[in-house]
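Thanks for coming. I have one structure to go through today, and I will keep to what can be computed from it.

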Amino acid sequence: MEIDIDAVKTYLLQLQEGICAALAQVDGTETPGALVLHRLLVVPFRMLRVDEELEFLPVGLADALIASLGSIEGMVVKSSHVGARYAGVEIDPGRIAEETEVQHVLTGTIQRAGNRLRVHAQLMAVPDGSL
């Protein structure tokens, strides 16, 4: 399967814009990336089906998101090594908040459907777990 890099870049940009808009609603600011400080953890996305051809994608997507989101003013994103500790385990928002000192956790799933990928992302507020 070939991955359309332009489609991935477009998706990452849309996801970044959506995250900034959601965080702006949380803190009441109109401008994404305003001077409010947000601490975020990106957990490698979970593959819904085992797919050896795409086994690199969960970590690769998380790394790309970390790099992209980390460039936004007011956003502190934990390293991929921190997020990797929570890959493949049930997300406990309270535990994550305590262990990593973050306010938000980004997680999601990846599913292959023929030659297409379905990526679903969830931005979770911690410690309450609201989406």
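I will start with confidence and the overall layout, then go to the cores, the charged pairs and two single residues.

This is a predicted model. The mean pLDDT of the protein is 80, and 82% of its residues reach 70 or more. Confidence is lowest in helix 1, residues 5–27, where the mean is 73. At the other end is helix 3, residues 80–84, with the highest value, 92. Keep the helix 1 figure in mind, since helix 1 comes back when I get to the core.

Now the layout. The protein has four helices and five strands. Along the sequence they follow the pattern α-β-β-α-β-α-α-β-β. The protein has 131 residues, and 36% of them count as buried. The accessible surface comes to about 7,800 Å², and carbon and sulfur atoms hold 51% of that. On contacts, take those with a separation of 6 or more: 64% of them are between residues 24 or more positions apart.

Next, the nonpolar cores. Which residues of the largest core touch the most other members? That core has 22 residues, and the ones in question are Ile19, Leu40, Val42, Leu65, Leu69, Val77 and Leu106. As for where the core draws its residues, two or more come from each of helix 1, strand 1 (38–42), helix 2, strand 3 (75–77) and strand 4. Helix 2 gives the most, with six residues.

Leu65 is a useful one to click on. Setting aside neighbours within four places in sequence, Leu65 is in contact with Leu12, Leu15, Val42, Phe45, Gly70 and Leu106. Apart from the largest core there is another one, of nine residues, and its members include Leu41, Val82, Tyr86 and Ile96.

On to the charged side chains. How many salt bridges does the structure hold? There are three, and I will take them in turn.

In the pair Arg112 and Asp51, the closest N and O atoms are 2.8 Å apart. Arg112 is in strand 4, whereas Asp51 sits in the loop between strand 2 (46–47) and helix 2 (57–70), so this salt bridge links distant parts of the chain, 61 residues apart. Asp51 counts as buried, because its relative accessibility is 14% and the cut-off is under 20%. Arg112, at 22%, counts as partly exposed.

Arg112 also forms a salt bridge with Glu53, at 3.1 Å from N to O. Glu53 lies in the loop between strand 2 and helix 2, so this pair ties strand 4 to that loop across 59 residues of sequence. Glu53 is partly exposed, at 39% relative accessibility.

The remaining salt bridge is between Arg95 and Glu99, at 3.0 Å from N to O. Both are in helix 4, residues 93–100, and because they are four residues apart, about one helical turn separates them. Arg95 has a relative accessibility of 38% and counts as partly exposed. Glu99 is partly exposed as well, with a relative accessible area of 41%. As for shared partners, the salt bridges join Asp51, Glu53 and Arg112 into one network.

Two single residues to finish. One is His104, in strand 4, which spans residues 104–113. Is His104 buried or exposed? His104 counts as buried, because its relative accessibility is 6%. The side chain of His104 makes a polar contact, at 3.4 Å, with the side chain of His38.

The other is Glu101, in the loop between helix 4 and strand 4. The phi of Glu101 is near 55 degrees, which is a positive value in a residue other than glycine. Glu101 is exposed, because its relative accessible area is 54% and exposed begins over 50%.

To recap the points about strand 4: it gives residues to the largest core, it holds the buried His104, and its Arg112 is part of the salt-bridge network with Asp51 and Glu53. That is what I have on this one.

Notes
Residues are numbered from 1 along each chain as its sequence is written. Side-chain values use heavy atoms; hydrogens and water are left out. pLDDT is the predictor's confidence in each residue, from 0 to 100. Buried means under 20% relative accessible area, exposed over 50%, partly exposed in between (1.4 Å probe, protein chains only). Contact means heavy atoms within 4.5 Å. Accessible areas come from the Shrake-Rupley method with a 1.4 Å probe; for residues, only the protein chains shown count as cover. A polar contact is a pair of N or O atoms within 3.5 Å; within protein, one must be able to donate a hydrogen and the other to accept it, and residues adjacent in sequence count only if both atoms are side-chain atoms. A salt bridge is a side-chain nitrogen of Lys or Arg within 4 Å of a carboxyl oxygen of Asp or Glu. A nonpolar core is a set of buried Ala, Val, Leu, Ile, Met, Phe, Trp, Tyr and Cys residues joined through side-chain atoms within 4.5 Å.
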